[in-house]
Amino acid sequence: MDTLQHLIAGFGVALTPMNLLVAAIGALIGTVVGMLPGLGPINGVAILMPLAFALKLPPETALILLAAVYIGCEYGGRISSILLNVPGDAGAIMTALDGYPMARKGLGGVALSISAWSSFVGSMIATIGIVLFAPLLAKWALAFGPAEYFALMCFAFACIAGLMGDAPMKAALAAVIGLALSTVGLDSNSGVYRFTGGDVHLSDGIQFIVVVIGVFSISEILLMLEQHHSSAGLIRVTGRKLFNLKEMALTWWGTLRSSVVGFVVGVLPGAGATIASAMTYSMEKRIAGKDGRFGEGDIRGVAAPEAANNASAAGSFVPMLTLGVPGSGTTAVMVGALTLYNITPGPALFTQQPALVWGLIASLFIGNVLLLFINIPLVGVFTKVLQVPNWVLVPGILAVSTVGVYAVHATTFDLVLMAVLGVIGYLLRKQGVPMAPLILGFVLGDLMEQNLRRALSITDGELGILVESPISIALWIGAATMLLLPPALRALSHRRAAALAPF
Amino acid sequence: MSDRILGAVCVVASAGMAWAAQGYAAAISYEPVGPRAFPLLLAVLMAIAGAWLVLRPTQRGGAITLAHLKLIGGAALAVFVYALLFEWLGFTLATALMAVPVGMAFGGSWKQSLAGGAGLGVLLFVLFDKLLDVVLPTGLLHVVLGGR
């Protein structure tokens, strides 16, 4: 068993005192960031990434930190959903539907503990899924040539545009803006400077960190101005802190089903925790049928979406590790973090950097155990953080974000560019343009252009190579399906609704 | 701002991109596709997306109140000023200063915000610069805080 050997070696990496400590810190920070309304996993990872780099952490340690923050956020989001009725991050929206009514009935402790437990189960199942499927996918992806890679990236963009809901054109626009930003700077093939306006600061291209912090952190601060929340409605946890066996038995199968669905959805590029939790919530509601009291505090409505959003977060590591094509905004930021270390994620990662890959996978197992222990007994400590007033919290976020950008190059230019991108990001988000495709475009831009040029070099400019192999044909068909299917389904259901309506 | 404006801005930006990109050519070329093709492709895609938004907008401009605009504008301005003064004033002073308008925008009084900002400035400086070895500018306080 090759995989088992690698996994044991991975635990060797993850269990070093340094990496254990980093995983624990990451899990704590992640839980807090996930819990705070407005800040989600992307913000957490974006703010910590430059710091990890500035602290000169070795790449596997940095990745373990970011991964712990990511899964920690998925745990944390549920706390404010349940106690405040304000989802801490997008993946926890469904959790509020039944979690908050439970808390109002005095079952807050039960809701918190069962959701921590189902988060744990979801994450664990998905991590086992990574162990089983990622090496296979990586082996298969080694056969990819530049043309297949180009098609794969187009497929990823099609997924993200098709699945991002109501405005696929805006998602596409965001991706193009991201790609365009990535072309700024020196073109390494020809030595031509592009879009630099003669400015020395831009000759190296726009720093990844500046883009991420600008469009996620700074724009988030401006958006937060509009959605003031207060911790006034915070429900105190009283009574039973832990779920009992009956409640566990009631939720068990739903948790398992939701974990598997969450994992599969997470592996698909573009479809993330939000879609996974919404899908499984309605799935469980349908399965429960008449005896369900969904929306009024049904415990199954808390367990299922939490299992799914954690499973999908872990699942999104699969495309990132095996193909080098991230499946979510958060993993896109991690790919950017790896490129800071001159590591290009992709199928070769499994053979060239086994310590990194398997150390990360092992740390997901460890991180989950840590998070389960952090989240059940210490939940009271976390709710204190929700009482920190915004007038301290927001300047703190801004200061830490700015430190992150400054730490990389120590120039005022980068800071100003961060502010500019922040305002642009705010205006775009205000207009309903999603930022995840933008960051995906920025991360993949160089890879995409290089693969296109390499493919066309093989045939001396003949475009036919892009649709030559069965793999690329399948990917193009998949991309077209992803773009055309959701609007078609929507049109169909509209028509059905129109047919049912009397007028 | 409505989708139409966003779309129009994109069309104009794509024209600018195309105009800038058409001059990009390698002195000596080893490959059939040079540095110009990809940016031009993106400009075309951006123009299509922009035109689509102009022709088929899905979101109209929401009503923005003046007070609201002031709030957002003020916060954005504070971020800019913070970025510009970060090195010169140093991290601690700049953070304390930034926290006043930003904290007040989030419901604090100016005293609370200033105190919070000063606390953050000192605390984060000690945490990052002294404990974690992430070098931060000391600026005007370099005599007190030592270092560069």
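**Two chains, one loop residue and a helix pair**

In this predicted model, 54 residues of chain B are in contact with 53 residues of chain A. If we look at which parts of chain B supply two or more residues to the side that touches chain A, we find α1 (3–21), α2 (37–55), α3 (66–89), α4 (91–105) and α5 (110–131) of chain B. The largest share of that side comes from α3(B), which gives 11 residues. Sorted by class, the side of chain B that touches chain A has 39 nonpolar residues, 11 polar ones and four charged ones.

Let me turn now to chain A, and to a single residue. A:L466 sits in the loop between α19 (436–458) and α20 (470–500) of chain A. Is A:L466 buried or exposed? A:L466 has 20 other C-beta atoms within 10 Å, and because 20 or more is the cut-off for a buried residue, A:L466 counts as buried. Leaving aside the neighbours within four places in sequence, A:L466 is in contact with A:A147, A:F150, A:A151, A:A455 and A:S472.

My last topic is a pair of helices, α2 (residues 17–35) and α3 (residues 41–54) of chain A, which pack at an angle of about 135° with their axes 8 Å apart. The two helices, α2(A) and α3(A), are therefore oblique to each other, and their crossing is right-handed. Where they meet, A:I29, A:G30, A:V33 and A:G34 in α2(A) face A:P41, A:N43, A:G44 and A:L48 in α3(A). By class, this contact has four nonpolar and four polar residues, with no charged residues.

How values were computed
Residues are numbered from 1 along each chain as its sequence is written. Chains are lettered from A and ligands numbered from 1 in the order in which they are written. This is a predicted model: local features need pLDDT of at least 70, side-chain atom pairs count only at pLDDT 80 or more; totals for chains, interfaces and linings use all residues. Two residues are in contact if their C-beta atoms, placed from the backbone, lie within 7 Å. Helices (H or I, at least four residues) and strands (E, at least two) are DSSP runs, numbered from the N terminus. Ala, Val, Leu, Ile, Met, Phe, Trp, Tyr, Cys and Pro count as nonpolar, Asp, Glu, Lys and Arg as charged, and the others, Gly among them, as polar. A residue is buried if 20 or more other C-beta atoms lie within 10 Å of its own, exposed if 12 or fewer, and partly exposed in between; C-beta atoms are placed from the backbone. Axes are lines fitted to C-alpha atoms, for helices over the stretch in contact, and angles run from 0 to 180 degrees between N-to-C directions. Angles under 35 degrees count as roughly parallel, over 145 as roughly antiparallel, 65 to 115 as roughly perpendicular and the rest as oblique. A crossing is left-handed if the near helix is turned anticlockwise from the far one by less than a right angle, and right-handed if clockwise.
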